Every structure is written in structure tokens, then in C-alpha cells.
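Trainee: Could you take one part of this model and walk me through it closely? I'd like to hear about the nonpolar core and whatever sits around it.

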Amino acid sequence: VLVWLHGGGFTNGSGIEQDGYHGENISREGDIVFCSINHRLGPIGFSDLSGVGGEAYKDSGNVGMLDIIAALRWVHDNIANFGGDPGNVTVMGQSGGGSKVCTVAAMPAAKGLIHRAVALSGSTVGASDQVMTRKVGEYILREAGLTASQLDKLQRIPWREYLDIADRACKKCWEDQGISMRRTFGPVADDRNIPAGVFYSGESHLESPVVPMIFCTTFHEWNPNRADAALEKITQDGVIEKLRSQYGDKAESIVKAFAKNFPDKTPMELWAMILSSRQRVVEAANAKLKQGQPVYVAWFGWCPPLFNNRMRAFHCSDICFWFKNTDRMVTHTGGGKVPRALSDKMSGALLNFMRTGDPNGGELPVWPKYTEENGEVMILNNTCGARNDPDREARKSLEV
């Protein structure tokens with residue numbers, strides 16, 4: 001059984017927002033049952049009112065994640081009626097869905113409900129500090145013009161009005177307290193449903209599921225020139241200037257480190273790689289290793305021949321390859337036999353991993369287990385192959 005968790009961070013998206021999410025082809029190929037779900041998002045899914053509401057609202061900051069647990073419990077109890085094995089469930093997601101996978105894989109309530117995990121272009125090793133999220137809850141109540149004794153009235157407010165109230169509360173909380181809105185409406189480290197501290201590390205008293213895991217990112221995730229063809233000709237100095245607002249005086253050393261590590265890449269490609277997710281996924285893979293289960297890491301580099309080749313291996317582009325949907329997603333691949341050949345290899349590896357916890361045994365070359373020492377990663381492209389941490393030296397430049 002494969003349970004798909006959609007992207008969009010913890011605030012947007014749906015279970016079938018793009019054709020790449022379709023599960024029919026991978027289901028037919030692999031004789032699996034494919035499930036996708038929707039769950040509460042944003043302020044509706046992650047308003048932490050436990051500080052003002054007490055026992056009755058103790059789980060309020062994580063109801064969006066508890067929706068996912070409820071769906072997994074339903075799968076466990078009912079999926080045999082559809083031909084699925086409740087003892088072999090893989091949870092998989094991309095972007096925000098990848099972060100959801102990492103969070104589910106840390107939740108004690110998921111024990112026995114998931115048996116493999118796959119996180120694509122999104123990862124996390126911790127949830128939001130509850131001191132922060134409870135403060136936002138106080139601001140929400142105040143913005144709604146309610147007292148703690150009137151808290152139940154929040155549930156009578158129309159959803160659109162509530163979103164506006166919560167957004168205004170976040171803005172005021174940021175202005176008054178310096179609490180970031182981006183880190184507010186998402187999973188809360190309540191140490192009840194979701195562990196405090198670093199996931200998988202044993203820092204919390206909670207026991208997480210212990211399952212094999214695949215992590216994958218794309219080479220160029222947030223490629224800046226997808227919507228601006230003029231940036232294709234940007235110089236290395238131009239990239240340095242673009243990155244100063246984010247990295248300050250470190251921008252020059254970062255760009256030069258990536259240029260040294262990847263001398264064949266254009267300045268535009270270096271910029272895209274600097275903005276990608278490799279640093280965070282390596283952090284998550286290293287944390288997951290502490291559980292003693294196999295971890296596999298991939299790096300997707302296939303670039304579509306679209307828009308004069310400037311799309312590159314962008315965020316979301318690998319999903320349709322895992323699910324055998326490259327001909328369905330011509331907007332991402334151009335269709336045809338070339339992307340289909342890579343899709344056959346990737347989907348085969350996914351199916352092997354679902355069955356056994358090991359992606360090997362199909363058309364891909366040998367995919368070694370990841371270790372922190374060697375950083376083994378499978379490069380997914382027209383020519384696939386395993387390499388040892390190919391961007392390690394460049395990544396060091398990003399460290400604080």
C-alpha cells in the first residue's frame with residue numbers, strides 16, 4: 001500500500017492538485033493499492049490553543065497531522081477490503097508532503113501503521129517550539145475578540161473569516177514578539193503527539209516508528225530563471241550579488257565553493273544548486289540513521305527539453321517519474337521514450353523498496369545504503385549511478 005501526502009507546505013495543496021499525483025500507472029505496474037488523502041491545513045489544522053484552552057484543546061496545534069494518523073488508521077483497518085496489505089504500508093510525499101512524511105515517521109501514533117517512508121524534496125528533523133505556537137494562539141483569541149472562557153466560539157466562525165483572523169494575529173505576533181508566521185502554522189513539538197527535540201534521536205520520551213527510508217531531492221529545486229529567461233546569461237558576479245540579501249558577506253565564498261566543486265556548471269546552475277534542499281536532506285538522513293534502519297538517498301538531475309532547456313531539474317519534476325506518469329505530465333517532461341526509460345527505473349526501485357525496504361533488484365545500478373561517512377547517493381538521470389557525497393565540499397560553505 002502506498003499513501004501519498006501532497007505538497008504545499010502545511011498551508012496549501014490537495015491530494016490531486018497535479019496529474020503527476022495520479023496513482024493508476026504505478027498501481028497497475030506494481031500490483032499495489034494507492035491512496036491519497038486531504039487533511040486540515042494552515043490555521044485550521046495547526047492553531048495551537050492549548051495554552052488558553054487547557055485539556056480540551058491539548059491536541060489543537062496538531063490536528064492537521066492527526067488527520068493523517070486517522071487516515072493511516074483507516075488504511076490499517078480497511079485496506080484489505082481493497083486488496084492491500086495493512087502490514088506493508090509506505091507513506092510518501094513531496095515538498096511539504098516530504099516534511100509530513102518525516103513528521104509522521106517521528107510520531108508514536110504511527111507505530112504499526114507505516115512500514116516504509118519516502119520523502120521527496122522536503123524534510124524536517126523537528127517541529128515548532130510550543131512556547132511560540134501557544135503565544136500565537138493567545139493572539140488569535142485576542143484578535144477574535146474572545147476570552148478564554150469563550151474559546152469554543154472560535155469553532156462557530158466561518159472558515160474564511162477565521163483564516164483572516166489567524167493571519168492578522170500572526171502579523172501582530174510577529175510585530176510584537178518577533179515570532180515568524182512561516183514557522184507557526186505547522187506541526188507543534190508538544191512532546192505528546194510529536195516529539196520535542198531532534199526527530200529520531202531519542203531526545204524525547206516518545207517512541208517513534210523505526211522504518212527504512214528514502215530521501216530524494218532535485219538538482220535545481222527552486223531554479224530562479226524558470227520564469228525569467230534573461231537570467232540564463234547571468235554571470236558569477238551577478239549570482240553573488242543576487243545572494244547577498246540572503247547570505248551577506250558569505251555570498252562570494254559560497255558561490256566560489258560551488259564553482260570549484262562543479263566547474264562544468266553555468267552560473268545559473270550554480271545559483272539553482274545553492275538554493276536547493278541538499279543541506280537539509282543530508283541533515284535529515286543523518287538523523288534517521290540513529291534508528292539503525294536502512295536509509296537511501298537520491299539526487300534527481302534529469303532536465304526536460306522545454307523552454308530552451310532552462311527548466312532544469314526543478315521542484316516537483318521527479319514526482320511523475322516515480323509514479324510512471326511522464327507521458328501524463330508533458331508539461332514537466334515533454335513526454336516520450338527518454339523520460340519514460342528513467343521512470344521505469346525509478347518506479348521499479350520504488351516498488352522494490354515498498355515490498356522489501358530495499359530499492360535494489362531492478363534496472364538501476366546498485367544503490368548503496370547511505371552512511372554519514374561516505375554520503376552515498378544515487379544520481380537519477382539518463383545515466384544513473386551511485387556516488388559518494390558529490391557536493392560535500394560545496395555544502396560546507398553553507399554551514400553557519
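What follows is a walk through the core, with the overall fold first and a few individual residues after.

Mentor: Sure, and keep in mind that this is a predicted model. Let's set the scene before zooming in. The protein chain has 15 helices and 10 strands. Its radius of gyration is 22 Å, close to the 21 Å that the globule rule gives for 400 residues, so the chain is as compact as a globular protein of that length. If you lay the C-alpha trace along its principal axes, the spans come out at about 65 × 55 × 40 Å. Buried residues make up 56% of the 400. As for how the chain folds back on itself, take the contacts between residues at least 6 apart in sequence: 71% of them join residues at least 24 apart. On the outside, the accessible surface comes to about 17300 Å², and carbon and sulfur atoms account for 48% of that. Charge-wise, there are 44 positive and 46 negative side chains, with the centres of the two sets 2 Å apart.

Now the core itself. The largest nonpolar core holds 121 residues, and the members touching the most others are Phe215, Trp322, Phe323 and Leu380. Helix 14, residues 337-356, gives the most to this core, with seven residues. Pick Leu380 and look at what is packed against it: setting aside residues up to four places away in sequence, its contacts include Trp299, Phe300, Trp302 and Trp322, as well as Leu342, Met346 and Leu364. Cys216, Ala298 and Gly301 are also among the residues that Leu380 touches.

Stay with helix 14 for a moment, since Asn352 is found there too. Asn352 has a relative accessibility of 16%, so it counts as buried, the cut-off being under 20%. Leaving out residues up to four places away in sequence, Asn352 touches Gly357, Asp358, Pro359, Asn360, Gly361 and Gly362.

Another element worth a look is helix 10, residues 267-274. Seven of its eight residues are buried, so helix 10 is largely enclosed by the rest of the structure. The buried ones are Met268, Glu269, Leu270, Trp271, Ala272, Met273 and Ile274. Their cover includes helix 8 (236-247), helix 9 (251-261) and strand 8 (295-300).

Next, go to the loop between helix 1 (24-30) and strand 2 (34-36), where you'll find Val33. At 16% relative accessibility, Val33 counts as buried. Beyond its neighbours within four places in sequence, Val33 is in contact with Val1, Leu2, Ile79, Phe82, Gly83 and Gly84. If you want a distance to check, Val33 and Asp344 are 311 residues apart in sequence and 18 Å apart in space, C-alpha to C-alpha. Asp31 is placed in the loop between helix 1 and strand 2 as well, but Asp31 is exposed, with a relative accessible area of 73%.

Asp31 also has a backbone quirk: a positive phi of about 55 degrees, although it is not a glycine. Asp389 is another non-glycine with a positive phi, about 35 degrees in its case. You'll find Asp389 in the loop between strand 10 (385-388) and helix 15 (392-396). Asp389 counts as buried, at 8% relative accessibility, whereas Asp31 is exposed.

How values were computed. Residues numbered from 1 in each chain as written. Predicted model: local features only at pLDDT ≥ 70, side-chain atom pairs only at ≥ 80, totals over all residues. Heavy atoms only, no water. Helix = DSSP H or I, 4+ residues; strand = E, 2+ residues; numbered from the N terminus. Rg over C-alpha atoms; globule rule 2.2 N^0.38 Å. Buried < 20%, exposed > 50% of the residue type's maximum accessible area, 1.4 Å probe, protein only. Contact = heavy atoms within 4.5 Å. Areas by Shrake-Rupley, 256 points an atom, 1.4 Å probe, with all protein chains shown as cover. Lys, Arg positive; Asp, Glu negative; His and termini not counted. Charge placed at Lys NZ, Arg CZ, Asp CG, Glu CD. Core = buried A, V, L, I, M, F, W, Y, C linked by side-chain atoms within 4.5 Å.
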